[in-house]
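Here are my notes on the model you sent over. Have the structure open while you read, and follow the points in order.

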Amino acid sequence: MRAIVQTETTTRDDVRGEVHRLRAQLERVQGRRMDAPVLPVLEPLAEVLPGGGLRTGSAYSLTRSASLLAALLAGPSQDGTWCAVVGMPDFGVEAAESAGVDLSHLVLVPDPGPRWLAVAATLAEVIPVVAVRPAARAADAEVSRLGARLRDRAAVLLVQGPWPQAEASLDLADPEWSGVGRGHGYLAAREVTIDVRSRRWPMPRRARMSLPAADGGVGAVRSAASAVPALPRLEAVG
């Protein structure tokens, strides 16, 4: 009986060790932890993001949309997490506050100059969420060093533009504004389709939501965050 128990225990230990070995190998290849915690985001976005939030130690590629960026910053800042916005002189703090961003946990660096990447890397040492609009293409070695710093500090990088080895990329499409009558009235809300692509999924996720909603925030129009055929890549819709 003892021999059988020892064999079963040994087998379980071997399987557990093999799982840990494979996980470590995948983490080395992907450059990130498989079980990294996530920072909270607003509920409609949580339905389409990998892990339901912003995975620490990772970068995200965003279309150039101020409303999408503000919506992503709202959840972490409301939770008490400090956020920084780098290289976006046109970032509107009033609109961001309407979207739910806690301005008491927001740092702005409107014009970092040509050293935008160094500024973003320095901020990532002390601020958990850093958003940046690249002024130029970064060298592969610099991207790798920043990625290592993100993982070491458990920080998140939100990039307005393409970014190598991004955890996910977020695009917007099919904008529809409401609130305007026959040639008059005020724009009140906008519906968009958000398209999220990640290496963690075989197909993109797609959902329709209000961004911004009538109150300036984000709201779910349809909670259909299932995998669907990919949307074509589009430019920013604002």
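Which residues form a nonpolar patch on the surface?

1. The patch. V93, L103 and L108 make it up, and together they have about 200 Å² of accessible area. Keep in mind as you look that this is a predicted model.

2. One member of the patch up close. L108 sits in strand β5, which covers residues 106–109. Its relative accessibility is 39%, so L108 counts as partly exposed; the cut-off for calling a residue exposed is over 50%.

3. The chain as a whole. You'll find six helices and eleven strands in the protein chain. It has 238 residues, and 44% of them count as buried. The accessible surface comes to about 12,600 Å², with 54% of that belonging to carbon and sulfur atoms. As for contacts between residues at least 6 apart in sequence, 61% join residues at least 24 apart.

4. Helix α6. This one runs over residues 140–153, so to speak a 14-residue helix. From first C-alpha to last, α6 reaches 20 Å, close to the 20 Å expected at 1.5 Å a residue. Its buried residues are V143, L146, G147 and L150. Looking down the axis of α6, you see those buried residues fall within an arc of 105°, so they line one face of the helix.

5. Both sides of α6. What do the buried residues of α6 pack against? Their partners are β3 (58–62), α5 (116–123) and β7 (156–160). Turn to the face pointing away from the buried side and you meet the exposed residues R145 and D152.

6. Just past the helix. Right after α6 comes A154, and its phi is positive, at about 55°. A154 is also one of the residues in contact with T56, which brings me to the next point.

7. T56. Is this residue buried or exposed? T56 lies in the loop between β2 (54–55) and β3, and it is buried, with a relative accessible area of 11%. The cut-off for buried is under 20%, so T56 qualifies. Leaving aside neighbours within four places in sequence, T56 is in contact with A36, P37 and L39, and also with A154, A155 and V156. If you want to trace this on screen, start from T56 in its loop and pick out those six contacts in turn, A36 through V156.

Conventions. Residues are numbered from 1 along each chain as its sequence is written. This is a predicted model: local features need pLDDT of at least 70, side-chain atom pairs count only at pLDDT 80 or more; totals for chains, interfaces and linings use all residues. Side-chain values use heavy atoms; hydrogens and water are left out. Helices (H or I, at least four residues) and strands (E, at least two) are DSSP runs, numbered from the N terminus. Buried means under 20% relative accessible area, exposed over 50%, partly exposed in between (1.4 Å probe, protein chains only). Contact means heavy atoms within 4.5 Å. Accessible areas come from the Shrake-Rupley method with a 1.4 Å probe; for residues, only the protein chains shown count as cover. The expected span of a helix is 1.5 Å times one less than its number of residues. The arc is that of the directions from the helix axis to the C-beta atoms. Patches are made of residues with over 30% relative accessible area and no salt bridge: like charges are joined within 9 Å, nonpolar side chains (Val, Leu, Ile, Met, Phe, Trp, Tyr) within 5 Å. A salt bridge is a side-chain nitrogen of Lys or Arg within 4 Å of a carboxyl oxygen of Asp or Glu.
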